[in-house]
Structure formats: C-alpha cells, structure tokens
Amino acid sequence: MPGRTQLVSEVERLWTGECLLHSHDVSKNGFLPDKEPLKRLPSPYYAPWELVLDDLPALIKKKTIRKVVNRMPVLSTSKLHTEAEWRRAYVVLSFLAHAYIWGGERASEVLCKAISAPFLQVSEHLDLPPVATYAALNLWNFSCSGPDLRDLDSLHALHTFSGTEDESWFFSVSVAMEAEGAYIIPVMLRALEAARHRDYSTISSSLDELAVCIGRLGKLLDRMDEKCDPTVFYHQIRPFLAGSKNMSAAGLPNGVLYEDEHGALDWKQLRGGSNGQSSLIQFFDVVLGVEHTSPGSILRATPASCSGASEPTSFHQEVRSYMPAPHREFLRRISQMGSLKELAGEHATSSSEEHVQLRRSFQAATKALGDFRNRHMQIVTRYIVVPSRKQSRVPIVNLATASSPSGRGPGGELTGTGGTALIPFLKQTRDETYVTGVNFNGLEENMGPSCRT
C-alpha cells in the first residue's frame with residue numbers, strides 16, 4: 001500500500017498537470033475547444049459578415065465576392081464579448097479575407113477596409129496574425145452530429161470556400177486527428193514528470209502508447225481520399241488556403257496591403273494555414289526532442305547554412321506565432337521541461353534492461369512520427385505533386401496555376417500554402433524525425449539532411 005508521501009506526490013503531480021492543461025486552454029479534446037465553436041455571432045449587428053459568409057461559395061463561383069464585400073460597412077468589434085465570439089469573428093473574417101484576395105482571376109494585393117480593419121482588431125485581441133490559420137480553418141470551424149469528435153463521419157466543417165463535401169472532409173480529417181490525439185497529451189506529461197525520477201517503466205509505456213496514438217492518426221490521414229478528390233482539392237480548395245508570403249508567382253510579390261480603422265496602411269507577408277501549425281504535432285516533436293532547422297524558404301540551402309553563421313528562425317518555430325496564444329505558451333512551457341531524448345540517450349551503451357527497453361520505446365515512437373510524416377508526403381504527392389504536372393490552361397493566376405510547370409518560382413520548386421519549398425521542406429522534416437530515433441551520440445546533432453554527406 002503506498003505511503004502518505006507517495007500519495008501526496010501523486011496528487012501534486014496530477015494537480016500540476018491538470019492545471020498546466022487548463023491554464024493553457026488544452027481541453028478534454030486536446031487543442032480543440034471544450035465545446036463546439038459558435039455557428040453564428042449572436043449580435044445581429046454582424047449580420048453583414050454572416051450573410052456574405054453564408055453565400056461565399058456561390059459568390060466565389062460567380063466571381064462577385066469582391067463587389068459584394070466592397071459594399072459592406074466597416075463594422076466595430078465592440079459588440080464581441082466572449083472569447084467564443086472573438087474566435088467566431090476570426091473564422092468569419094479569415095474566410096472573407098481569403099475569398100477576397102484569391103476570389104478573382106488575379107490575386108488582390110489590397111484587402112478592403114471592411115475586412116482588414118476589424119480583422120486586424122480581432123487578430124490583435126487573440127494574438128494571432130490576420131490570415132487564415134490552422135486554428136481558423138480547423139480548430140474553430142467544425143460541428144459534430146455525435147458525442148465523439150474522433151468519429152470522422154460525424155464531423156462537418158462549418159464553412160468552406162468551395163461548398164464541396166471534399167473541402168469539408170479535408171478540414172474534418174484534421175479535426176478528427178486533433179481529437180484522436182487529445183488523450184496522449186496528459187500521458188506524455190506524466191512521462192516527462194517520470195523522467196525526473198528515472199521511472200523508466202512509466203516512460204517506456206507512455207512512449208509505446210504514443211506510437212500507437214500516432215499510428216491511429218495515420219489511419220485517419222489515410223482516409224483523406226474517401227471523400228476528398230485530389231483534382232477538387234488542387235483547383236478549388238488549395239488556392240484559397242494560400243497566405244501572402246513567398247507568393248510572388250501567385251500574384252502577390254509584396255504581400256497584401258491592410259488598412260486599419262484609422263486609415264493607416266501596412267503591407268503584410270503572412271504564411272497561409274498548414275498542418276505545420278498544429279500544436280499537437282509540435283507537441284510530439286517537443287516531448288521527443290525532434291529538432292527542425294529548415295526556415296521553409298523557397299530558396300535552396302547554401303553551404304553557408306552549414307557554417308557557424310547564425311541560422312534563420314526555423315519554420316516550426318516561426319509558425320508557433322500562428323497558433324492560439326495559450327497553445328503557443330503551452331509548447332514553450334513543455335520545451336522547458338526537457339525532452340525524453342536526453343534520457344533515452346544517456347549511457348547509450350548501458351545494458352540495464354529497463355534502459356534498453358526505454359531506448360527501444362523511444363525509437364519506436366520517433367519511427368512512428370517519421371512514418372506519419374512519410375504518409376503525409378504520400379498524400380501531398382497525390383493531391384499536389386501529381387496534379388501540378390498538368391499544364392494549366394485557365395486564365396487565372398493563383399497557387400494552382402503558379403504550381404504548374406510553367407508557373408513555378410525559383411528552382412522550379414512547388415510552394416506550400418504556408419510559403420515553404422514544399423517537397424524539400426517535408427523531406428527534411430521527415431528525415432529529422434527519423435534521425436532523432438537513431439542518433440544518441442550527438443555526432444550529427446547540428447547537421448540537417450541538406451548538410452549531411
């Protein structure tokens with residue numbers, strides 16, 4: 001029977017973990033909200049926004065979205081009261097903004113004040129950039145017909161650009177994965193706490209469960225093509241997810257010009273929504289000690305990047321600013337707790353049975369994450385690479401036509417919605433994950449795949 005000291009320690013450990021989750025807006029659904037997002041803003045004052053959003057796919061199809069939005073009044077944010085309402089406003093304005101920017105034959109370099117002014121205010125309140133982030137498209141843009149958010153078939157996107165089931169399914173897959181991975185967050189927090197006491201058994205079992213969890217996420221990802229057609233995704237969905245950074249070939253050489261409520265103008269180059277902004281996937285990286293170095297630039301790495309010169313901020317670090325602020329802070333706090341890589345790598349020649357099992361479990365978990373990223377690359381190949389090989393014959397300039405053989409940017413690389421050099425970036429991210437599981441001696445710690453011989 002456990003003694004009083006052990007029981008007190010257990011209570012303190014559970015309380016600390018629960019407080020950490022609650023204080024950083026991590027719910028029973030993980031990084032998804034505890035309750036379903038609002039379907040409409042309650043104040044009738046915001047009807048002009050909601051009515052346009054209701055008709056968004058039709059307005060995009062008829063190419064009248066800009067004409068309609070240009071007639072909209074500039075609304076105040078003073079009637080937004082709860083955090084749920086601020087989030088709803090962020091979702092609404094994200095969809096309206098991207099529809100306006102990408103909803104013509106050419107991208108609009110100027111975002112009209114009716115959208116940009118309140119979008120800037122809402123974004124400032126939420127501490128998010130004024131662009132359609134992963135949070136706007138996925139975390140705060142779903143409804144569920146059943147009690148279990150892990151049930152992909154019961155999920156539906158509140159809003160889409162295309163009005164297609166394909167797009168709703170595309171967003172819903174990410175929502176289901178977030179929900180599926182929710183349970184593993186406290187499990188891995190216990191593993192990090194156990195690392196302080198060299199509790200190898202708890203850590204190993206947690207890592208084993210992490211590998212199982214990631215495998216389930218992969219199975220959900222594999223369901224993408226059940227209801228999302230690659231051609232529909234490539235031509236009707238993906239162009240509207242693009243941001244304004246590294247989008248010269250798509251018609252935004254300077255980014256997008258925003259106007260605030262006082263009439264001040266500001267050019268912004270922002271990354272579009274991508275799964276790289278998922279706090280869940282970055283949480284896995286943090287607890288496993290996976291380090292990513294790629295800045296996601298569309299320019300190829302040079303030998304200087306392998307020298308002692310200062311490196312640019314990595315893409316993964318940069319996009320934390322695109323995550324909800326509490327989740328960003330949560331990852332920062334977890335990063336300060338260290339990772340399980342250090343413990344797995346200690347005494348790599350140790351013959352201790354428990355430590356050997358810990359290393360095996362750690363390697364299995366990192367392999368599972370690498371395999372997940374490999375699955376993602378296979379999806380990217382089917383949904384982006386293959387369709388991009390067909391020459392575009394439409395008189396439209398957007399991310400789809402810019403990705404055709406004749407429209408690609410420097411080096412002929414495909415550009416991701418987040419502005420990355422798509423395939424090199426994904427390959428490096430995957431390889432850095434695999435390397436973490438096999439490299440315990442630190443001999444290659446500072447060598448990315450592009451620098452390795």
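Let's start with a hairpin: strand β3 (residues 256-259) and strand β4 (residues 265-268) run antiparallel and are joined by four bridges. Everything described here comes from a predicted model. Across the two strands, L257 stands opposite W267 in β4. Five residues lie between β3 and β4, and in this turn G263 has a positive phi of about 90 degrees.

Positive phi values also turn up outside glycine. K63 has a phi near 60 degrees, and its place is in the loop between α3 (56-61) and α4 (65-70). With 44% relative accessibility, K63 counts as partly exposed. D127 likewise has a positive phi near 60 degrees and is a residue other than glycine. The loop that holds D127 runs between α6 (113-126) and α7 (134-139), and D127 is partly exposed, at a relative accessible area of 43%.

Now for the aromatic rings. A search of the whole structure finds 13 aromatic pairs. One of them is the stacked pair of F283 and F330, at 5.9 Å centre to centre with 25 degrees between the planes. F283 belongs to helix α13 (residues 279-288) and F330 to helix α15 (residues 325-336), so this pair ties together parts that are 47 residues apart in sequence. Both F283 and F330 are buried. These two rings are also members of one aromatic cluster, formed by F31, F283, F284 and F330.

Charged side chains meet rings as well. The charged end of R66 sits over the ring of Y100, 6.0 Å from its centre. K79 lies over the face of Y45, with 5.4 Å to the ring centre.

Helix α12 (residues 230-241) has its own buried side, with V232, F233, Y234, I237, R238, P239, F240 and L241 as its buried residues. At the start of α12, a side-chain oxygen of D229 comes to within 2.9 Å of the backbone nitrogen of T231.

Next come the salt bridges, of which the count is 23. Three of them are set out here.

| Salt bridge | Closest N to O distance |
|---|---|
| D222 and R375 | 3.0 Å |
| R382 and D225 | 3.2 Å |
| D371 and K367 | 2.8 Å |

Where do D222 and R375 lie? D222 is in the loop between α10 (200-221) and α11 (224-227), while R375 is in helix α17 (residues 353-388), so the pair ties together parts that are 153 residues apart in sequence. D222 is partly exposed, with a relative accessible area of 34%, and R375 is partly exposed at 25%.

The salt bridge between R382 and D225 links helix α17, where R382 lies, with helix α11, where D225 lies, so it ties together parts that are 157 residues apart in sequence. R382 is partly exposed at 36% relative accessibility, and D225 is partly exposed at 39%.

D371 and K367 both sit in helix α17, four residues apart, about one turn of the helix. In an α-helix there are 3.6 residues a turn, so residues three or four places apart point the same way. D371 has 28% relative accessibility and counts as partly exposed; K367 is partly exposed too, with a relative accessible area of 45%. Elsewhere, D153, R223 and E226 are joined into one network by salt bridges that share partners.

Finally, a word on cysteines. The structure holds zero disulfides. C112 counts as buried at 11% relative accessibility, and C213 is buried with a relative accessible area of 0%.

Methods. Residues are numbered from 1 along each chain as its sequence is written. This is a predicted model: local features need pLDDT of at least 70, side-chain atom pairs count only at pLDDT 80 or more; totals for chains, interfaces and linings use all residues. Side-chain values use heavy atoms; hydrogens and water are left out. Rings of Phe, Tyr and Trp (its six-membered ring) pair if their centres lie within 6.5 Å; planes under 30 degrees apart count as stacked, over 60 as edge-to-face and the rest as tilted. Buried means under 20% relative accessible area, exposed over 50%, partly exposed in between (1.4 Å probe, protein chains only). A charge sits over a ring if NZ of Lys or CZ of Arg is within 6 Å of the ring centre and within 35 degrees of the ring normal. Two strands pair if DSSP finds at least two bridges between them. A disulfide is a pair of cysteine sulfur atoms within 2.5 Å. A polar contact is a pair of N or O atoms within 3.5 Å; within protein, one must be able to donate a hydrogen and the other to accept it, and residues adjacent in sequence count only if both atoms are side-chain atoms. A salt bridge is a side-chain nitrogen of Lys or Arg within 4 Å of a carboxyl oxygen of Asp or Glu.
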